[in-house]
Amino acid sequence: MSKTYPKGSFVEIQSEILPPGKRANHLPEDTKATPLTMKVKGFLQKPSKEGETIKVKTVIGRIHQGVLVNPNPKHTHDFGDIIEELFDAQKSFKKFLKEGGDSNG
Amino acid sequence: MDNSYNAVMSRRNQIMKQAIGLDYSQFSLSDLAFDYEKMMNHGEYSIDRIVEIQKNQGVGNTPLYELKNFTEIARKLAPAGKGARIFVKDEAANPSGSFKDRRAAVSVYNAKKNGYKGVIAATSGNYGAAVASQAAMQMLDCIIIQEAFDSKGIYQPEIMEKGRACETYGAEVIQLSVGPELFYVFLKTLEETGYFNASLYSPFGIAGIETLGLEIAEQCKEIAGRKPSKVIVTHAGGGNLTGTARGLQKAGCSDTEVIGASIDLTGLHMASDNDFNKKSFTTGHTGFSVPFTTWPDRADVPKNAARPLRYLDRFVTVSQGEAFYVTEMLAKLEGMERGPAGNTSLAAAIKIAQEMEQDEVLVVQETEYTGAGKHINAQLSFAKENGIEIQHGDPAENVPGENIIFPKDPSLINVKEHSIDKLRNTYLKNIKKNFDINDLRDVDWKFLEQELNCTKSHIKTLLGKES
């Protein structure tokens, strides 16, 4: 059985704000075909499992309801991969500064 | 209460009035015209007072650095004797890492003074962190609403970082999938909470940027012994350009040319779920600058205080590849790790400096902090994951959403010029859609002359072309 997270755990929930048919009129077709979805983080109000519809209290004390989608909403963004093309870019402007280019005026 | 999309949108005016605490009807001159200067000078917010508020809240007084290696590169490319000195205003030195602290400082101060318990801003950009940071300082609650991920749940990494920063400063962060109905969630949240709308486009917010123009004028005089000949502003919603230009004018720099620079994202639809994660710049691009320049009142306040056509002397675009390339140059040649979004005007500076005399001063008006997600490697990795090709060559050949082209060498850094008259034309087209222009009174003509920064006869010529 899936794990139960205790009351007070800081989690992320997701809810559907507008289903595809209820969205604004002037949208591109690709966007219109999707729901407007919201995610927000807060503290569990009672012990809950992933996938359950639950309530959380945010850091400023507001209550939101949604499906528990992420029991550990850590920040996962990073500095990316090594971009080899940037080494060539670096070489090009350093060389230009030292030697000047063809279009040196 | 009916919280359906249409019901909330129909309550828009009353929600806004409560949330901004400013009755805009007092500035109205006719259906079309309003007294812009009266709106900007409303209340206590003189530029001296704003300097004081910002000083109290740790904002402003950022350094102005000379970029000597950038200048040298521009001079190598320029005709003999040409190549202005390039300076950059290091706005990353503000508390939350961007010039947006200037707007947030005044907005949050205003909210606190008027007894609001909290502030709300709808923004995926640096402004969220700025409002959250200022709210933290003033002990107000803060909610930031972001357009953050596509329908597959994939986040733009830069927006992820901004969300993290907002949380760090103690804000509740509401993240949404792609779509303009963010505005609906924004209105609903304002109504539920009774918090202040820390709009990017209030007179408080825009007046907050005037100190940036003022500082540039003062620092140029002190460091270079002269006024800046040209100031390049990364141009998105228009506030940065409007506020900076007003500040320059107040500091006696009416002759300084104010240039707006945006990333050209032509071809990518800003409300498209598919296109959302194909762009590597989340702001400072034509998806904001063109619509906001040509119709400022699309904003989240009744009358937008950011009105760029009043101040825009010249408008240029650069490509994503050029902005990334100069971001790398700034780190490797000047020892400053910043941006990338703030470096849009820096890319334009390399080219524009070449037109200018060597003793002239060209100011790039902002930097922004960088970090995970915002970092050049993070954005380029994300671009590759989304099928965007990274190439070396001539950036003029780039296709937004398909490739990013680094200039083969600095000689290929260029700007694309955009006609101000074309922007004026689109503005007038929008006026025609919303007002009866066959019945314009003197007050309307005067307003349009100020709005478009040109004469009535020129406007008539433009209208002639249009009809």
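Select strands β8 (residues 257-263) and β9 (residues 314-318) of chain B in this predicted model. The two strands run parallel and are joined by five bridges. Within this pair, look for S262(B), which stands opposite T317(B) of β9(B).

Next, extend the selection to the whole sheet around that pair. This is an open sheet of seven strands in chain B, with mixed pairing and the order β1-β2-β10-β7-β8-β9-β13. Colour β1 (64-66) and β13 (416-418) of chain B separately: these stand at the edges. Each has a single partner strand, so one side of each is left without a neighbour in the sheet. Viewed along the sheet, the twist from one strand to the next averages 30°.

Now add the helices that pack on the sheet. Show α11 (residues 210-224) of chain B, which touches β1, β2 (85-89), β7 (230-234) and β10 (361-364) of that chain. The direction of α11(B) makes about 140° with that of β10(B). Then show α12 (residues 239-250) of chain B, lying across β7 and β8 of chain B. Helix α12(B) runs at about 155° to β7(B).

Zoom out to residues 57-364 of chain B. An unreviewed UniProt entry annotates this range as "domain: Tryptophan synthase beta chain-like PALP". Helix accounts for 41% of the range and strand for 17%. A distance drawn between the end C-alpha atoms of the range reads 24 Å.

The next selection is by domain. Chain B is divided into domain 1 (53-95 + 206-418) and domain 2 (420-466). Taken over C-alpha atoms, the centres of these two domains of chain B are separated by 28 Å. Where they meet, nine residues of domain 1 are in contact with 11 residues of domain 2. On the domain 1 side of this contact in chain B, four residues are nonpolar, three polar and two charged.

Finally, bring in chain A. Its contact with chain B takes 40 residues from chain A and 51 residues from chain B. To see the side of chain A that touches chain B, select β2 (10-18), α1 (29-32), β3 (36-44) and α2 (84-99) of chain A, each of which supplies at least two residues. Of the elements on this side, α2(A) gives the most, with nine residues. The side of chain A that touches chain B comprises 17 nonpolar, 14 polar and nine charged residues.

End at β3(A), which pairs with strand β5 (residues 172-177) of chain B in the antiparallel sense over two bridges. Here M38(A) stands opposite L176(B), a residue of β5(B).

Methods:
Residues numbered from 1 in each chain as written. Chains lettered and ligands numbered in written order. Predicted model: local features only at pLDDT ≥ 70, side-chain atom pairs only at ≥ 80, totals over all residues. Contact = placed C-beta atoms within 7 Å. Helix = DSSP H or I, 4+ residues; strand = E, 2+ residues; numbered from the N terminus. Nonpolar A, V, L, I, M, F, W, Y, C, P; charged D, E, K, R; others polar. Pairing = 2+ DSSP bridges. Axes fitted to C-alpha atoms, helices over the stretch in contact; angles between N-to-C directions. UniProt positions renumbered as here; feature names shortened; annotations may be inferred. Domains from an automatic or database assignment.
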